[in-house]
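Work through the exercises below with the coordinates open. Try each task before you read its solution.

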Amino acid sequence: MNKRITTEQLRGSLERQLSGLKPDPLLARRVMASGRVSARKPRLLRPVLVLAVLMALTGAAYAVTALYRVVNWQGGITRTVAPPQTPDRGAAAGGARDAGEALASFISEIPDDETVFAWIEGDDGLIARSELHKKQKAFSSHEAFAQYMAGSPYLTAPSQLPDETLDYYAATAYMECKAFGAYAQTGNGQAGPVRYTRFLIDDESAVATGYSLVLTLADGSCLRIESGLREASSEEPLMLREGETAEKVAVSGMSDALLIRSADPASPDGLIMRRKLSDPAKLKLLPLNDHLEPGDGVCYTEEYITVWLHNRKDPQLLLRLFSGA
Amino acid sequence: MSNGACPDAAVGRNRRFELLVDRYQKAVLHMCYLCLCDRSLAEDAAQETFLKVYASMDAFRGESSEKTWIMKIAMNTCYSINRSGWFRFFNRRVTPEMMPDAAAETDEDDERLASAVARLPLRLRKVILLYYYQGLKVNEIAEVLGISQSSVSGRLKRGREKLRDLLEGSELDE
């Protein structure tokens, strides 16, 4: 088809395609009520630390050239989507990197039992970078981690690890505050370029809402498992890259599970699972600065687990982890 | 606004902000979506954009148009999100919630065109969207993106060429 596309046609097409994206009628009021730049909804921030840790561990940097195929929980392809592109590099990127490093350095010094929201302002006085450190507990043995998780009402730990010698094991549980739990805002302040708000959640009020587990085996393979709670169920569990396939499998205790296999030896195989919570997790959202009132809550209804096995093609190992079979 | 500002000033400021949100929220949301390709992230980016607008509106001296100023903040916000490990990780492996279901009736051409635009490399996509979708001029786009006008013109040209390839010969009017 060779034809001219007018500006109006392009606009009209995009408008119609995006007509399902509705403006938020309460946005202005919410922003004015918050009164400060840092008073943002914390939805975006909650998983940051978990992922920062994972990024550091895996050095994950993904190719963004091919289209992704979106699969449903049956393993069927629902559509293809363009990947996000890597942004331009330049002086601004260097500045953002410096800010990120300053923030990461600050976050790395925070004790495990604190929850801290930290951010850096740009030259224009606006937030340039932000990060959340969650109250957490680290484990260096699976026995201790499994014992701790046995008491978790919401999270599922692997029931069986590979029957091989582990070269390395590290697990961390991340915690949030129960809806009717107690916490104290212990301070706001500034350290170098980093501004922060600190909280201490009572031990009795803290509940594990996610974990990360990384282990390496003697043959150089690496298992990476993450679990987290989510507010809403989705019929689209993930996007497949080129050369990957998804197969629906049964895993004990899980509502759905997909085995992901990659034709590329350098890419990991994986297992993606979800489990509907019989008793939803009701939690408190901590106010991210002293201009917000506490009391907002969140209700998680689903556990979402991802497992990736690097440097080894062994789907049976993946399937045994949670089935114990 | 200082804490000691008179109530009338505060009311006027808030009213002005409400007008800005009314006027530009949809454009910001759509641009954030088209840059981030994720509905939740786009909504977060739009909110963050207006938080920044609210915080800095007193400093806005009208040296550019309101739309240019707000688009610049929106694009910078998307840029920050784009660079975060959170974004890279989650776009790889977690629910994409990509193209929202259209509320209006669409046809094959709409989908083809929108899909082609979404497949443009981000640096070209931004320029094409700001020019054709948001109606900004070359000098305004240069200000929004912090690049020279000649760079904008070059990216516009490459964006049109790339779109022509993606659309199998159909061309955008210059």
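The exercises that follow use a predicted model.

**Exercise 1. Chain inventory**

Task: Count the helices and strands in chain A and in chain B. Then state what share of each chain is buried.

Solution.
- Step 1: Start with chain A. It holds six helices and 16 strands.
- Step 2: Turn to chain B. There are eight helices and one strand. Read from the N terminus, the order is α-α-α-α-α-α-α-α-β.
- Step 3: Take burial in chain A. Of its 325 residues, 39% are buried.
- Step 4: Repeat for chain B. Here 51% of the 174 residues are buried.
- Step 5: Check contact range. In chain A, consider contacts with a separation of 6 or more: 65% of them join residues 24 or more positions apart. For chain B, the corresponding value is 65%.

**Exercise 2. The buried side of a helix**

Task: Find which residues of helix H1 (residues 7–17) of chain A are buried. Explain why they lie on the same side of H1(A), and identify elements that cover them.

Solution.
- Step 1: List the buried positions. They are Leu10(A), Ser13(A), Leu14(A), Arg16(A) and Gln17(A).
- Step 2: Look down the axis. These residues span an arc of only 165°, so they sit on the same side of H1(A).
- Step 3: Ask what covers them. Within chain A, the cover includes strand S1 (4–5). From chain B, it includes helix H5 (108–119), helix H6 (122–133) and strand S1 (171–172).

**Exercise 3. Two helix crossings in chain B**

Task: Describe how covered H6(B) is. Then classify the packing of helix H8 (residues 149–166) of chain B against helix H7 (residues 138–145) of chain B and against H6(B).

Solution.
- Step 1: Begin with H6(B). Eleven of its twelve residues are buried. Among them are Leu122(B), Lys126(B), Ile128(B) and Tyr133(B).
- Step 2: Note the backbone just after H6(B). Gly135(B) has a positive phi of about 70° there.
- Step 3: Take H7(B) with H8(B). The angle is about 105°, and the axes are 8 Å apart. That angle makes the two helices roughly perpendicular, because the class runs from 65 to 115 degrees.
- Step 4: Name the residues in this contact. H7(B) supplies Val138(B), Asn139(B), Ile141(B) and Ala142(B), while H8(B) supplies Gln149(B), Val152(B) and Ser153(B). By class, four are nonpolar, three are polar and none is charged.
- Step 5: Take H6(B) with H8(B). The angle is about 95°, again with axes 8 Å apart. H6(B) is therefore roughly perpendicular to H8(B).
- Step 6: Name the residues here too. Arg123(B), Leu124(B), Val127(B), Ile128(B) and Tyr131(B) of H6(B) meet Val152(B), Arg155(B), Leu156(B), Arg158(B), Gly159(B) and Lys162(B) of H8(B). This contact has six nonpolar residues, one polar and four charged.

**Exercise 4. A strand and its two partners**

Task: Find how covered strand S11 (residues 222–230) of chain A is. Then give the sense of its pairing with strand S10 (residues 206–217) and with strand S16 (residues 297–310) of chain A.

Solution.
- Step 1: Check burial. Seven of the nine residues in S11(A) are buried.
- Step 2: Pair S11(A) with S10(A). The sense is antiparallel, over seven bridges. Tyr211(A) is opposite Ser227(A) of S11(A).
- Step 3: Inspect the link. S10(A) and S11(A) make a hairpin with four residues between them. In the turn, Gly220(A) has a positive phi of about 90°.
- Step 4: Pair S11(A) with S16(A). This pairing is also antiparallel, over nine bridges. Ile225(A) has Val307(A) in S16(A) as its bridge partner.

**Exercise 5. Two loop residues**

Task: Place Ala179(A) and Asn311(A) in their loops. Explain why each counts as partly exposed.

Solution.
- Step 1: Locate Ala179(A). Its loop runs between strand S7 (166–178) and strand S8 (183–191) of chain A.
- Step 2: Count neighbours. Ala179(A) has 16 C-beta neighbours inside 10 Å, so it counts as partly exposed.
- Step 3: Look for distant partners. Lys282(A) is 103 residues away in sequence, yet the C-alpha to C-alpha distance from Ala179(A) is 5.4 Å. Beyond four places in sequence, the contacts of Ala179(A) are Lys282(A), Leu283(A), Lys284(A) and Gly297(A).
- Step 4: Locate Asn311(A). It lies in the loop between S16 and helix H6 (315–323) of chain A.
- Step 5: Count again. Asn311(A) is partly exposed because it has 13 C-beta neighbours inside 10 Å.
- Step 6: Check its backbone. Asn311(A) is not a glycine, yet its phi is positive, at about 60°.

Terms used. Residues numbered from 1 in each chain as written. Chains lettered and ligands numbered in written order. Predicted model: local features only at pLDDT ≥ 70, side-chain atom pairs only at ≥ 80, totals over all residues. Buried ≥ 20, exposed ≤ 12 C-beta atoms within 10 Å, placed from the backbone. Arc of directions from axis to C-beta. Contact = placed C-beta atoms within 7 Å. Axes fitted to C-alpha atoms, helices over the stretch in contact; angles between N-to-C directions. Parallel < 35°, antiparallel > 145°, perpendicular 65-115°, else oblique. Nonpolar A, V, L, I, M, F, W, Y, C, P; charged D, E, K, R; others polar. Pairing = 2+ DSSP bridges.
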